[in-house]
Amino acid sequence: MQLEPFNGLIIDVSVTKTFSKEFSELFKDTLGTGMKSHLNPLSAGGFDISYMALNTFFDKHDPNVLSDLFKTFESNRQTISTRVAEKNPYWDNKKDPEGYALGYGKYSQDVLIPAFIAAYTGKSPQSVSLLNQNNSSIRSNPFSGLLPKPNWNILYNGLSKIPALATVFSNISLTHGYNGSLSMNSFTSSLLYVDRGFLGAPSFIDPISGNYIPYFLVPNITISERMEPLIGINITTVTQWSLRFEYKKSRLLTLSLVDYQLSENNSKEWVFGTSYRARGLKLPFTIPGLNNNKLSNDLTMRIDVALRDMYNSNSRLDQANAYGTGGQKDITIQPSIDYVLNS
């Protein structure tokens with residue numbers, strides 16, 4: 001959707017959702033009676049929505065120290081454990097010594113995913129949506145409770161139309177954009193899932209992990225955010241001299257439900273650019289193949305300087321420290337000269 005509240009301000013808003021799912025099973029007459037049994041049912045798919053986690057996007061922390069957000073993630077698990085257990089009719093209202101509901105411990109995927117989303121979107125663990133483990137139909141989506149959020153791009157170029165500025169500037173553009181997503185690459189169904197009373201909930205507890213085996217198994221979940229730019233300014237004078245500035249910021253959070261580790265990538269980038277366009281510049285030499293005609297076309301000289309600072313950090317659940325696993329500082333200088341030979 002494109003909005004233009006007033007002349008010169010253009011806002012592009014997008015909302016996206018992608019959900020795919022495949023289902024397969026074997027039909028076999030195992031007893032020779034003509035009655036077909038349904039064997040090895042398997043579901044697999046992926047999920048992606050536009051999302052927003054601005055409440056925590058600007059939080060700062062040392063990559064070698066557990067962040068306050070990660071500590072909130074850890075503390076959310078107990079509340080989520082009780083909420084999930086209360087929805088399961090097979091739960092016997094018992095808790096372990098740490099206060100987690102039996103069958104939904106601190107490493108249960110049905111506990112970790114809502115606790116993670118609540119912490120890094122600034123939501124309450126009492127209200128964040130839980131995973132849907134009721135595979136009532138082929139269209140059932142484990143993330144059906146997560147609704148897509150809007151992304152946007154904003155452009156404002158009305159300042160150059162103010163009479164006092166129009167005599168000096170031919171263009172003044174202000175830009176801002178936000179692009180966020182929540183995705184899960186691939187989920188599968190568990191062959192060990194049991195719903196003995198057909199109540200739409202898991203009834204079998206894995207003796208090793210001590211947790212209910214859910215219908216949908218999710219290996220990881222990712223929250224990605226980019227402000228490209230957070231703020232951008234582009235100015236062109238009537239003499240064809242241009243100045244450009246952009247400040248960009250991004251964050252990538254990937255939670256692994258295999259080794260219970262959160263990988264975080266943060267980056268900031270500053271871009272400075274300037275260019276000058278000379279109209280009708282006549283070259284002091286001829287170009288081969290143009291019948292010795294001296295050209296009189298536009299010449300554009302540009303230089304862009306970008307400074308980028310990025311770091312990676314890994315945090316593991318119930319460990320005392322985080323670990324900065326990588327980082328990079330880049331300085332990029334890009335000069336260029338363009339001349340129009342033929343239009």
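Glutamine 126 is a good place to step in: this residue sits in the loop between helix H3 (109-121) and strand E5 (151-156). The model you are looking at is a predicted one. Its protein chain has a secondary structure of four helices and twelve strands. From the loop, this briefing moves to the chain as a whole, then to the strands, a serine in a helix, and the salt bridges.

**The loop around glutamine 126**

- Glutamine 126 counts as exposed, because its relative accessibility is 54% and the cut-off for exposed is over 50%.
- If neighbours within four places in sequence are set aside, glutamine 126 is in contact with Thr79 and Arg83.
- Proline 114 lies twelve residues from glutamine 126 along the chain, and the C-alpha atoms of the two are separated by 10.0 Å.

**The chain as a whole**

- The protein chain has a radius of gyration of 28 Å, whereas a compact globule of 343 residues would have one near 20 Å.
- Measured out along its principal axes is one way to picture the C-alpha trace, which spans about 90 × 55 × 40 Å.
- Of the 343 residues in the protein chain, 40% are buried.
- About 18900 Å² of the protein chain is exposed, and carbon and sulfur atoms supply 56% of that area.
- Take the contacts between residues at least 6 apart in sequence: 67% of them join residues at least 24 apart.

**Strands E3, E4 and E6**

- Strand E3 (residues 17-28) and strand E4 (residues 37-50) run antiparallel and are joined by eleven bridges.
- E4 also runs antiparallel to strand E6 (residues 169-189), with six bridges between them.
- Aspartate 48 is a handy landmark in E4, where this residue stands opposite threonine 18.
- Aspartate 48 also has a bridge partner in E6, namely serine 183.

**Strands E10, E11 and E12**

- Strand E10 (residues 261-282) is joined to strand E11 (residues 296-316) by 20 bridges, and the two run antiparallel.
- One of the pairs here is serine 275 with arginine 302, its bridge partner in E11.
- E11 is joined in turn to strand E12 (residues 322-339) by 17 bridges, again in an antiparallel arrangement.
- Threonine 300 stands opposite aspartate 338 in E12.
- Aspartate 298 belongs to strand E11, and this residue counts as buried because its relative accessibility is 18%.
- The side chain of aspartate 298 makes a polar contact of 2.6 Å with the side chain of arginine 277.
- Beyond its neighbours within four places in sequence, aspartate 298 is in contact with several residues, including Arg277, Gly280, Asp338 and Tyr339.
- The hairpin of E11 and E12 has five residues between the strands, and aspartate 318 there takes a positive phi near 60 degrees.

**Serine 75 in helix H2**

- Helix H2 (residues 68-87) contains serine 75, a residue that counts as partly exposed at 49% relative accessibility.
- The side chain of serine 75 reaches the backbone oxygen of threonine 72 at 2.9 Å.
- Serine 75 and proline 125 are 50 residues apart in sequence, while their C-alpha atoms are 9.5 Å apart in space.

**Salt bridges**

- The whole structure holds ten salt bridges.
- Aspartate 318 forms one of them with arginine 77, and the closest N and O atoms are 2.8 Å apart.
- Arginine 77 is in helix H2 and aspartate 318 is in the loop between E11 and E12, so this pair ties together parts 241 residues apart in sequence.
- The two partners have their own settings: aspartate 318 is partly exposed, with a relative accessible area of 35%, and arginine 77 is buried at 2% relative accessibility.
- Aspartate 318 forms a salt bridge with lysine 106 too, with the closest N and O atoms 3.8 Å apart.
- Lysine 106 lies in the loop between H2 and H3, so its pairing with aspartate 318 ties together parts 212 residues apart in sequence.
- Arg77, Lys106 and Asp318 are linked with Glu98 in a network of salt bridges.
- Elsewhere, the side chains of arginine 251 and glutamate 225 meet in a salt bridge of 2.7 Å, N to O.
- Arginine 251 lies in strand E9 (residues 241-256) and glutamate 225 in strand E8 (residues 220-237), so this pair ties together parts 26 residues apart in sequence.
- Arginine 251 is buried, with a relative accessible area of 3%, and glutamate 225 is buried as well, at 1% relative accessibility.

Notes: Residues are numbered from 1 along each chain as its sequence is written. This is a predicted model: local features need pLDDT of at least 70, side-chain atom pairs count only at pLDDT 80 or more; totals for chains, interfaces and linings use all residues. Side-chain values use heavy atoms; hydrogens and water are left out. Two strands pair if DSSP finds at least two bridges between them. Buried means under 20% relative accessible area, exposed over 50%, partly exposed in between (1.4 Å probe, protein chains only). A polar contact is a pair of N or O atoms within 3.5 Å; within protein, one must be able to donate a hydrogen and the other to accept it, and residues adjacent in sequence count only if both atoms are side-chain atoms. The radius of gyration is taken over C-alpha atoms; the globule rule is 2.2 Å times the number of residues to the power 0.38. Contact means heavy atoms within 4.5 Å. Accessible areas come from the Shrake-Rupley method with a 1.4 Å probe; for residues, only the protein chains shown count as cover. A salt bridge is a side-chain nitrogen of Lys or Arg within 4 Å of a carboxyl oxygen of Asp or Glu.
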